Amino acid sequence: MPNHPYFYGADWNPEQWPESVRAADLDLMRQAGVTAATVGVFSWSRLEPAPGAYDFSWLDRVLDGLHAAGIGAVLATPTASPPPWFTLAHPDALAQRRDGVRLVHGSRDTYCVNAPAYRAASRGVAAALASRYAHHPAVVLWHVHNEYGTWCFCDHCAAAFRGWLRARHGDLAALNEAWCTDFWSQRYGDWAQVLPPRATQYLTNPAHELDYRRFLSDSLLAAYAEQRDVIKAVAPEAQVTTNFVLGGWVPVDHARWSGQVDMVAIDHYPSSLDGAPAQSAFAADAARGWSAAAGHGGEWLLMEHAPAHVTENGVQRRKPPGMLARIALAHIARGSRGAMYFQWRAGRGGAEQWHSALVDHPGPGTRLFREATALGTRLADLERKGTFLTPSVEEGAPLNPSQVAVWFDEVCGWAIGASHLPAPVDYQGIVEGWHRALWRRGHAVDVVPPAARLGGYRVLVVPAAYLLTDTSARRLAEYVRDGGHLVVTYLSGIVDEHARVRTGGHPGALRDLLGVRVEEFDPLSAGESLVLDSGDVAAAWTEHLTAPDAAVLAAYPDGRPAVTRREHGAGVAYYVSCGLDDAATARLLAAVCAAAGAEPLVPDLPEGVEAVATPQGLWLFNHTDLVHVIGGRDVAPGEAALAASPGAPSPD
Ligand code: GAL
């Protein structure tokens, strides 16, 4: 963990500004209580204006200036955006799209991660930065690259993919078997016939797509690790990370990567203003889960989020007064070592000239900058009082007192996305829906990757775990046997690690545990719904199943089982074969949690109020513009405060 108290600041791009603005920025950062600035992220063309010719003069001044101002530098390697000279010198190192189009410079991320020239140039610039700055007193954390996640389908990738496949599958016979290549006559007779999943006539093979994502994740991870090792070769004590970007489009298995960074760091950009508190809670809980499962104790860092807006369907919705601090503190309460933004100063030009910044185009005399300064003061105060919110999680212990968790596996999301399912399924949307339902009930919720320790959770929800390995299925059965209360939803346990359907009745991997047998999927059209005999409303997905070894809790209108319950060992396994609306989900979770003895942090938490458990006490966040009475105390509109206990809240 970096030897730095807490991180409050932003991406700063001094290379885009004259010295006078840089100097003013340092003064403003001090004024705002900034403790760290991320520098260098997209500065390759300034650092290395010609191959092998470095110009560090400007960065020397920037780092010296930060140090003199008492601000830490999160020093980035600039490899997410190779300079134009690189493109012309190495046309083979540019990313090639699925349809064969070779991209050119003009934006960012125009590289092929498997191109030897790109890797060599990246190592070169990382080594140059490391040898110059590894011992610079301003540097508190290394930030390799930016948001790894670039796709490429070129010949370099094809060759590397074949090597990766050999290591994974052994021989071609095993590959043919794993990928079911007899379908549509795609049997491979020679390794040279295996290509990336490039543009083709019609649907592609889901196993091929899935392995390609895994391969890209490993390729990108190797590129990250190479730079990390270059830095650590010069300064073994250096703390190195990279900023994870969340979203199903990224071919990065963040759970797997978390073991390779010194601190899990995420960027988070919610997709709706009203949904931002719940989405932020999910992202933060996911980051904490990755951190804990990788042995980092649940600590992590919010490396980027937008200061003043949330982009909703292309529209920048402004964050109302108070939201800046509330969202930042809600992340911190969930284990973030601070709150960093993109970006410090809004650019005059370039593709993101209209992206908000702590210092926006009008300058510092704004409501936003005043709020940023107030947040800086508040964080400094928390730090002084020794109440800065860093959890320390015992190895294997549940991360929160609610003992409630939601299973989240990005690889499963890839499998769902690659497959031509009976209906389109938004994996992360479903997982977030269950998380949100628990969050609304006032539970602290852990988001756990498949490798997480499960013992200790009273309730575990496994939504749409379409791809479930034999190991995971066994662990879930053990979890229930040992006393856990497991809620499994539709579309779980359907395919194996190669995206091959488990035959004999769904959900193949969990059929015995759940005591049900699904014969048919029967997804509903948009807007269509059914009322179960419990009065609950089912939408999106239904199934035809029998429950040979489970009790029926709710049935479809024709009497077929819809929601079931089976006792196994000391625990209980529930199966929810349909999509449920919010009210039905809440009712089900209330019953399951009550039976499991999993209490919310605050009973009857009002809608729009969020409770977060920290080692220092309970935090309450009022995301509404109403006063709410909690534990006998008024919680003001927009308030974000530490309460000693739900019964006796007191502002921090
Ligand atoms: C992030 C990225 C930043 C900036 C930001 C805009 O994903 O890392 O460089 O582009 O988005 O929201």
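The following questions and answers concern the ligand shell, the largest pocket and selected backbone features of a predicted model. In this model, local features need pLDDT of at least 70 and side-chain atom pairs count only at pLDDT 80 or more, while totals for chains, interfaces and linings use all residues. Residues are numbered from 1 along each chain as its sequence is written, and side-chain values use heavy atoms, with hydrogens and water left out.

Q: How many charged residues does the shell around the ligand have?
A: The residues around the ligand (a heavy atom within 4 Å of it) include Arg108, Asp267, Glu304 and Phe342. With Asp, Glu, Lys and Arg counted as charged, Ala, Val, Leu, Ile, Met, Phe, Trp, Tyr, Cys and Pro as nonpolar, and the others, Gly among them, as polar, the shell has three nonpolar and two polar residues. The charged residues number five.

Q: What percentage of the area that the ligand exposes when taken alone does the protein bury?
A: Polar contacts are pairs of N or O atoms within 3.5 Å; within protein, one must be able to donate a hydrogen and the other to accept it, and residues adjacent in sequence count only if both atoms are side-chain atoms. Oxygen atoms of the ligand lie 2.9 Å from a polar side-chain atom of Asn146, 2.6 Å from an N or O atom in the side chain of Glu352 and 2.7 Å from a polar side-chain atom of His355. Taken alone, the ligand exposes 310 Å² (Shrake-Rupley method, 1.4 Å probe), and the buried part is 89%.

Q: Which helix gives the most residues to the lining of the largest pocket?
A: The largest pocket (an open set of points on a 1 Å grid over the protein atoms alone, with protein on both sides within 12 Å along at least five of seven lines; lining residues have an atom within 4 Å of a point) is lined by 42 residues. The elements that give two or more of them are helix H13 (410-418) and helix H8 (206-234), helices being DSSP runs of H or I with at least four residues. With six residues, the leading contributor is H8.

Q: Which residue follows Phe342 across a cis peptide bond?
A: Most peptide bonds are trans. The bond after Phe342, a residue of the ligand shell, is cis, with omega near 25 degrees. The residue that follows is in the loop between strand S11 (336-341; strands are DSSP runs of E with at least two residues) and helix H12 (367-384). That residue is Gln343.

Definitions and conventions
On a 1 Å grid over the protein atoms alone, a cavity is a set of points where a 1.4 Å probe fits but cannot get out, and a pocket is an open set with protein on both sides within 12 Å along at least five of seven lines; lining residues have an atom within 4 Å of a point.
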